[in-house]
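User: I am new to this structure and should like to learn how to read it. Could you guide me through its features in turn?

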Amino acid sequence: MLKLINFFKIIKGFNLRIFLKLFIVILKKDYSKYPDYVDGFENSLCKKFNSEFCLSFSSGTAAFYSSLLALNLKKKSKVLISSLTFPSVIEILKKFDFDIYFFNIDRNFEIVDENINDQEYDLLVMTHPFGFYINSKILDSYLGQNTKIIIDASHSQGMIIDKEDHIKFADISFMSLQGNKAISGGEGGVIFTDNQNLYLNMINNHHPGHKKNQNLEIAGGIKDLKLRIHPLASLLALEDLKSFENRNGKLIEKIKNIYDHLDKKKVQHPYQKNRVISGFHFGIPFFSSKEIVADVIKKYNWYTNLSDLNIKSISSNDNKSFFKELYFIDLEWIKKNKISKIKNIIDKFLEDAH
Ligand SMILES: Cc1ncc(COP(=O)(O)O)c(C=O)c1O
């Protein structure tokens, strides 16, 4: 019986259009290098997010690595990141000879501004985690005219700040297209920039066979690793891109509704009225001093102590209880279930908390 229900769920989600597209492309073996549809995907992304240039990659991590290389920062550059930064992003930064610092995020998902030490940074890597916009205004006095900004928008697709998509507030923004991201190709990544030089640098470094690569006539002509996307991933992600706005609008409303419910239950969480939320990934965050164990609950699984990784804290605040008490309600479960059922299950796991 359960198998039959699962089968109907799969059939319900079946998308004939993408099935036919993939079928034809595979039949024609048109899935290597840069078929026109990869260009088409990048153009659609540029249009949707109002970016001059977009370039696809094999992963979000690869897109970030390429962004760093293109910025050509000096050795010992001072790099500032958030305590909520994805581990592979941190690992890439550690491969460069940078001095890395981090700021803490508080329970409202805002930057902790006490005791920030007073120095200028060469690069800010700004993550908007789990769909929450983090306002970086309080960091402005630590960012000089030449400070570069990279935004990790892997969880914050479609975030609009002052009528502009948030990806515009950076020299380069990137998104992972992996797994259950709001726009997913299974695996993949993409960068957005308005700077043509950075865009061309990234092509010359990582995209052999790209029509704008200056070494196009040399086989495999690149200056660094090959990091282009598998074309079939771009077809899958394009399909998600088409339905993104509609899905995202509904999900934002559902998540606000869940946070309203958590307010009624006096649960601490980072959402406040009029807070910009969008995109999402993994789960929706809340805090509990009591231990919660339930199938639909996930615990934070990124690095929780960046000081251990030789990354210096710029605030004196201790974040241990933040991570200990941080829980997530599984986003994929939220997407699949009705709000009434979600509220019932929330009530149950809160009652069971000890
Ligand atoms: C916020 C964030 N940044 C970067 C990445 C890395 O992307 P990828 O796994 O595509 O390399 C992820 C992956 O889940 C992520 O969640």
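Analyst: The discussion below takes up the ligand site and then two sheets, in a model that is predicted.

User: Which residues are closest to the ligand, and how many surround it?

Analyst: A residue belongs to the surroundings when one of its heavy atoms lies within 4 Å of the molecule. Here 14 residues surround the ligand, and the closest are Thr61, Asp152, His155, Ser176 and Lys181. By class, this shell has nine polar, three nonpolar and two charged residues. Helix 4 (60-71) and helix 5 (87-95) each supply at least two residues of it.

User: Which atom of the ligand is 2.6 Å from the side chain of Asp152?

Analyst: A polar contact is a pair of N or O atoms within 3.5 Å. In the case of Asp152, a side-chain N or O atom is 2.6 Å from a nitrogen atom of the ligand. Ser154 also places a polar side-chain atom 3.4 Å from a ligand nitrogen atom. For His155, an N or O atom of the side chain is 2.8 Å from an oxygen atom of the ligand. On its own the ligand has 390 Å² of accessible area, of which the protein covers 92%.

User: In what order do the eight strands of the open sheet stand?

Analyst: The order of a sheet is read from strand to neighbouring strand. In this sheet it is 1-9-8-5-4-2-3-12, with mixed pairing. Strand 1 (53-57) and strand 12 (312-313) are the edge strands, each pairing on one side only. Five bridges link strand 1 to strand 9 (residues 189-193) in the antiparallel sense; Ser56 has Val190 in strand 9 as its bridge partner.

User: Which strands does helix 4 touch as it packs on the sheet?

Analyst: Helix 4 touches strand 1, strand 4 (121-127), strand 5 (143-152), strand 8 (172-176) and strand 9, and its direction makes about 165° with that of strand 8. Helix 6 (residues 196-206) packs on this sheet as well, touching strand 1, strand 8 and strand 9; the direction of helix 6 makes about 25° with that of strand 1.

User: Why is one side of strand 10 and of strand 11 left without a neighbour in the three-strand sheet?

Analyst: That open sheet has the order 10-13-11 and antiparallel pairing. Strand 10 (283-287) and strand 11 (297-299) stand at its edges with a single partner strand each, so one side of each has no neighbour in the sheet. Neighbouring strands are turned by 40° against each other on average, direction ignored. Strand 10 is joined to strand 13 (residues 326-330) by five bridges, and Phe287 stands opposite Leu326 in strand 13. Helix 7 (residues 231-264) packs on this sheet, touching strand 10 and strand 13.

Technical notes: Residues numbered from 1 in each chain as written. Predicted model: local features only at pLDDT ≥ 70, side-chain atom pairs only at ≥ 80, totals over all residues. Heavy atoms only, no water. Polar contact = N/O pair within 3.5 Å; in protein donor to acceptor, adjacent residues only side chain to side chain. Areas by Shrake-Rupley, 256 points an atom, 1.4 Å probe, with all protein chains shown as cover. Helix = DSSP H or I, 4+ residues; strand = E, 2+ residues; numbered from the N terminus. Nonpolar A, V, L, I, M, F, W, Y, C, P; charged D, E, K, R; others polar. Pairing = 2+ DSSP bridges. Axes fitted to C-alpha atoms, helices over the stretch in contact; angles between N-to-C directions. Contact = heavy atoms within 4.5 Å.
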